[in-house]
Every structure is written in C-alpha cells, then in structure tokens.
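Hi,

Here is the structure I said I would pass on. Have a look at it first, and then read my notes below.

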Amino acid sequence: MPMSSETTKLPFKIKLSYSMGQIGDSLGYNMYFFFFLFFLTDYVGVPPALAGTISLVAILWDAVFDPVVGHISDNMRSKYGRRRPLMIMAALPYSIFAFLIFNSISLGTQATFIYFLIMTILFWSSYKFFVIPYFALGAELTNDFNERTTLRAWSSVGLYVAVMVASALPPYLLALFEKSGMSGQLSWRIIGGIFAVGILLSAFICWHFTRGKEIYKHEEQKNNTMKKSSLVKALAQIVKLKPTKFLAGSVFFWAVASTMAMGGLIYLMKYNLGYGAERQSLYFIINSLVCIVWIVFINKTARHFDKKHVYACFLGIGSLGLLLFSMTGFPSFAILLIFCVVFCLGDSTYWTLYYSMMYDICELDEYVNDSRREGVVTAVMSFSQKLGAACATWITGMLLAFGGYEGAIENQSESAHQMILYVNTLMPGIFGSLAVLAILFYPITKKRFDSMMTALQAKRSHKKYSEEDFKDML
C-alpha cells in the first residue's frame with residue numbers, strides 16, 4: 001500500500017505542541033553547552049583541557065549512537081507510530097541525567113573524571129532516544145516544502161525560549177542562592193533539578209498533543225511494500241545522496257561556530273567584561289528575544305526565496321560579524337548587543353532552516369531508494385551537528401588551557417583574555433565561513449523539489465515521469 005502523498009497544512013495547535021518538544025530538547029542541550037564546561041572548571045575544579053575532553057568523548061559517543069537510534073526509530077512498528085514510543089520512554093531518563101550532570105562530587109581528579117564521563121554519556125544517550133524520534137516526527141507531520149519551514153520556525157521559537165531560560169536563569173539563580181548562604185555546588189544541584197522538571201513536562205506535552213497527527217499512519221507502515229535495509233546500507237544510501245553531503249558539511253561547520261560562540265560567552269562576560277550575574281542574565285534574555293524576532297523575518301524570507309539562498313546569505317552575515325568583532329573587541333555593552341544582533345541572524349537561520357532542508361532529503365531518499373527513513377536522515381544530520389559541537393567544546397578547552405586560563409582565580413592573564421575573545425569571535429567566524437561555502441553546493445530548491453514530488457507521485461502510481469527538471473539533485 002503506497003504512502004500518502006498529500007501535502008499537509010498544520011493547524012496552530014499542532015505547531016505549538018510540536019514546538020514544546022523543542023523546548024524539552026533545548027533545555028537540556030543548551031544548559032549543557034552554556035554551563036557544563038564552566039561548571040566543571042569553576043565549581044568542580046576539573047582542569048579545562050580535561051573538562052573539554054569529557055565533553056569530547058561523551059558527545060562523540062552521542063554522535064556515533066545517532067544512526068543506531070534513527071534506525072531503531074525507522075523500523076519500530078506500533079499503533080502509536082514509529083516515533084512516539086521512543087520519545088516518551090526516553091523523557092524520564094533524559095531529565096534524570098540532566099539533573100545528575102550538575103551534581104558536584106569530590107572523589108579526586110581521576111575518579112571525578114570517570115564519574116562525569118559516565119554521567120555525560122548516559123545523559124547524551126537518553127537525550128538521543130528522545131530527540132532523534134522527535135525531529136523525525138516533524139517530517140511525518142507535513143511534506144509541504146514551505147509548511148516544513150513554518151513548522152521549524154515555530155520550533156525555533158520554542159528553541160529560543162529554552163535558550164533564554166537555559167542561559168539567563170542559571171546565573172541569576174546561582175547568585176541568588178549563593179547570596180542566601182548556599183554553596184555553589186548545592187546551588188547547581190537545585191538548578192539541575194529545576195531544569196529536569198521542565199524537560200519532563202515539555203516533552204510530555206509534545207508527545208500527548210501530537211498523537212495521531214502523522215501523515216503516514218501505523219496501518220500503512222505495517223502494510224507498505226517499501227524496501228527494508230540494514231543500518232549500514234541505509235547510512236550508505238543516504239550519505240550517497242548529493243544533498244546530504246553538502247548539508248551535513250555545513251551543519252558540522254556551523255555547529256562548531258555556534259557552540260564556541262555561545263559556550264564561550266560566560267567566560268567573556270565574567271572575565272573579559274567583568275559582568276555580574278544580573279548583566280549576564282540580561283544579555284542572554286536579549287539574545288533570545290533578538291533570535292525570536294529574527295525567526296519571523298527568516299520564515300517570511302524563506303517562503304519567498306529558496307531556503308538554501310536565505311541560509312547561505314544570513315550565515316554569511318553572521319560569520320562576517322564574528323570576524324569583524326575579533327578585531328574590535330567589546331568596549332561597551334552596546335557593542336556586545338550589536339554583536340548579538342548580527343550573530344543571532346546567522347544562528348537563528350541555522351536552527352530554523354537546516355532541519356527543514358533535512359526533511360526535504362527524506363522524499364529524495366524515497367524517490368531514489370524506495371525507502372522512507374526519516375530517523376536515519378535525522379541521525380546523519382544530528383551526527384554532523386554533535387560532531388561539530390564535540391569538536392568545539394574540546395577546542396575551547398584546549399585553547400583556554402593554551403591561553404593560560406585558570407578557573408580557580410578571579411583575575412586572568414592577558415593571554416587568557418585574548419584567547420577568550422578569539423574563542424567567541426575569530427574561531428567561530430572561520431568555521432562559520434566554511435559552513436557558508438559548503439551550502440553553496442546544496443542542490444535542492446523549491447522548483448526542483450516540487451518537480452521531484454510530481455515524479456514521486458507518478459512513480460508510486462506506476463506511471464511515466466521525467467527527471468529532467470530535478471536531475472541536478474540526483
């Protein structure tokens with residue numbers, strides 16, 4: 001039985017409910033990348049190079065594990081769909097380990113290293129079982145070229161609501177708790193517990209209110225005659241697709257840029273600029289609000305121009321801004337806010353459009369390989385993103401160590417200050433430029449995609465069709 005080919009417009013309720021899953025994803029993800037390295041160096045006492053290595057190993061494990069979860073998700077058969085059972089089973093352990101990675105222990109350097117390595121591996125593994133099915137679900141809610149962009153725009157709003165909470169709330173609560181007499185370690189433990197509850201609630205809301213809204217129902221999944229393949233074969237076929245290579249490359253390079261620029265901000269504001277918790281929280285709130293405003297503009301622009309061109313243009317502006325600010329520095333809070341506006345244009349575009357572009361590869365996979373593997377397609381892009389993030393955290397830790405940064409002291413050396421600036425600007429700018437270069441070769445446009453969908457429908461119905469109008473995608 002062939003799967004449905006109708007394009008689907010989504011009601012407000014589904015877009016909002018789906019975006020709640022993005023909040024569940026992003027609370028843990030951003031809490032980790034904003035503060036975990038800082039927590040290890042400044043509150044647990046782990047040397048920065050060793051702290052970066054913990055993140056590198058754990059996130060690399062997560063990245064390698066991506067395709068396995070995607071394959072499991074694609075091949076699950078349940079009356080509740082392919083994605084939803086994994087999402088709800090993973091939500092509780094994901095929230096528990098989000099709490100445990102911010103619990104300080106004193107076991108000596110070696111034992112502490114092992115403890116946090118194990119906790120971070122478990123955190124990322126449980127996170128993966130939630131987030132891969134969640135993102136794959138988005139491709140099953142609609143197959144309309146522009147509606148996917150709108151769905152991701154809603155999700156990006158959820159992302160930046162979570163970014164605002166994950167970035168602004170911890171410094172504020174940390175200062176409040178420590179002022180009341182709590183230790184830093186206990187303060188972080190409470191903060192971790194608050195975020196764990198938020199993850200669990202938002203994940204449940206998404207799971208509950210999107211039930212039964214997939215285009216491809218479980219009856220069709222059980223009866224369809226599409227080809228099945230092993231994980232290795234599925235990965236080989238998807239990676240072989242022309243658009244996959246260039247999108248994955250761009251995703252990797254911007255993941256490095258974004259993780260370094262955002263993760264290094266806490267060091268920049270605390271040590272280079274001397275900002276306290278209130279000013280740090282204010283900046284992070286403004287940062288998220290700016291991103292949300294940009295999302296509205298990005299969504300409208302991407303509906304009138306090809307996603308690829310909008311993506312390349314706006315990431316290019318963000319990358320150029322990073323390179324320029326590496327030369328000017330941040331002599332005032334106003335200059336930091338200008339940096340925020342410029343960088344957020346690129347970063348908001350990345351998180352809004354790359355998922356939408358990724359979804360379009362799913363139909364190409366069906367056309368070329370007679371298979372629908374949203375989970376593995378999602379996993380390939382997630383692997384690229386996590387590999388970039390892992391490299392970024394490791395590079396950050398190594399650069400801080402090379403610059404002479406010491407988490408135990410309040411006044412850092414001049415070389416440490418300079419390295420912190422470069423971690424936030426120059427290095428991300430270089431990687432961002434590579435992300436723009438990679439996407440220029442991405443071949444999917446709206447015109448080609450629509451032509452392919454016409455051919456795909458004809459192929460499903462065993463009718464004649466032509467590849468002339470989309471041969472550049474093949």
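Which residue forms a salt bridge with Asp-360? The partner is Arg-148, and the closest N and O atoms of the two are 3.3 Å apart. Before I go on, please keep in mind that this is a predicted model.

**Charged pairs**

The Asp-360 and Arg-148 pair links distant parts of the chain: Asp-360 sits in helix H13 (residues 333-369) and Arg-148 in helix H5 (residues 145-179), with the two positions 212 residues apart in sequence. Both Asp-360 and Arg-148 are buried.

That pair is one of 22 salt bridges in the structure. Another one joins the side chains of Glu-374 and Arg-82, at 2.8 Å from N to O. Glu-374 belongs to helix H14 (residues 374-402), while Arg-82 is in the loop between helix H2 (48-74) and helix H3 (84-100), so this salt bridge ties together parts that are 292 residues apart in sequence. How accessible are these two? Glu-374 has a relative accessible area of 0%, which means buried, and Arg-82 is buried as well, at 4% relative accessibility.

A further salt bridge to look up is Glu-363 with Arg-372, where the closest N and O atoms are 3.0 Å apart. Glu-363 and Arg-372 are both buried.

These pairs do not stand alone. A network of salt bridges links Asp-74, Arg-82, Arg-83, Glu-140, Arg-148, Lys-307, Asp-360, Glu-363, Glu-366, Arg-372, Glu-374 and Arg-460. If you colour just those residues in your viewer, you will find Asp-360, Glu-363 and Glu-374 from the pairs above among them.

**A charged residue without a partner**

Now go to Asp-306, in the loop between helix H11 (277-304) and helix H12 (307-328). Which side chain of opposite charge is nearest to Asp-306, and how far away is it? It is Lys-446, at 7.6 Å. A salt bridge needs the nitrogen within 4 Å of the carboxyl oxygen, so Asp-306 has no salt bridge, although Asp-306 is buried. Leaving out neighbours within four places in sequence, Asp-306 is in contact with Thr-445 and with Lys-446 itself.

**Cysteines**

How many disulfides are there? The count is zero. Take Cys-313: the nearest cysteine sulfur belongs to Cys-344 and is 16 Å away, and Cys-313 is in no disulfide. With 42% relative accessibility, Cys-313 is partly exposed. Cys-362 is buried, at a relative accessible area of 1%. Why is there no bond from Cys-362? The closest cysteine sulfur, in Cys-206, is 17 Å from the sulfur of Cys-362, and that is too far for a bond.

**Two helices side by side**

Next, try H3 together with helix H6 (residues 184-209). Their axes are 7 Å apart and the helices pack at an angle of about 170°. Angles over 145 degrees count as roughly antiparallel, so H3 is roughly antiparallel to H6. On the H3 side, the residues making the contact include Met-87, Ile-88, Ala-91, Leu-92, Tyr-94 and Phe-99. On the H6 side they include Gly-192, Gly-193, Ala-196, Ile-199, Phe-204 and Trp-207. Cys-206, which came up above, is also one of the H6 residues in this contact.

**Backbone spots to check**

Two residues other than glycine have a positive phi that you may want to look at. Asp-370 has a phi near 55°. Asp-370 lies in the loop between H13 and H14 and is partly exposed, with a relative accessible area of 26%. His-462 has a phi of about 60°. His-462 is in the segment after helix H17 (446-460). Is His-462 buried or exposed? It is exposed, with a relative accessible area of 75%.

**One last residue**

Ala-390 is in helix H14, and Ala-390 is buried at 0% relative accessible area. Which residues does Ala-390 touch, not counting those up to four places away in sequence? They are Leu-56, Ile-59 and Leu-60. For a distance across the model, the C-alpha atoms of Ala-390 and Ala-166 are separated by 19 Å, and these two residues are 224 residues apart along the chain.

Best wishes

Note on methods. Residues numbered from 1 in each chain as written. Predicted model: local features only at pLDDT ≥ 70, side-chain atom pairs only at ≥ 80, totals over all residues. Heavy atoms only, no water. Helix = DSSP H or I, 4+ residues; strand = E, 2+ residues; numbered from the N terminus. Buried < 20%, exposed > 50% of the residue type's maximum accessible area, 1.4 Å probe, protein only. Lys, Arg positive; Asp, Glu negative; His and termini not counted. Contact = heavy atoms within 4.5 Å. Disulfide = S-S within 2.5 Å. Axes fitted to C-alpha atoms, helices over the stretch in contact; angles between N-to-C directions. Parallel < 35°, antiparallel > 145°, perpendicular 65-115°, else oblique.
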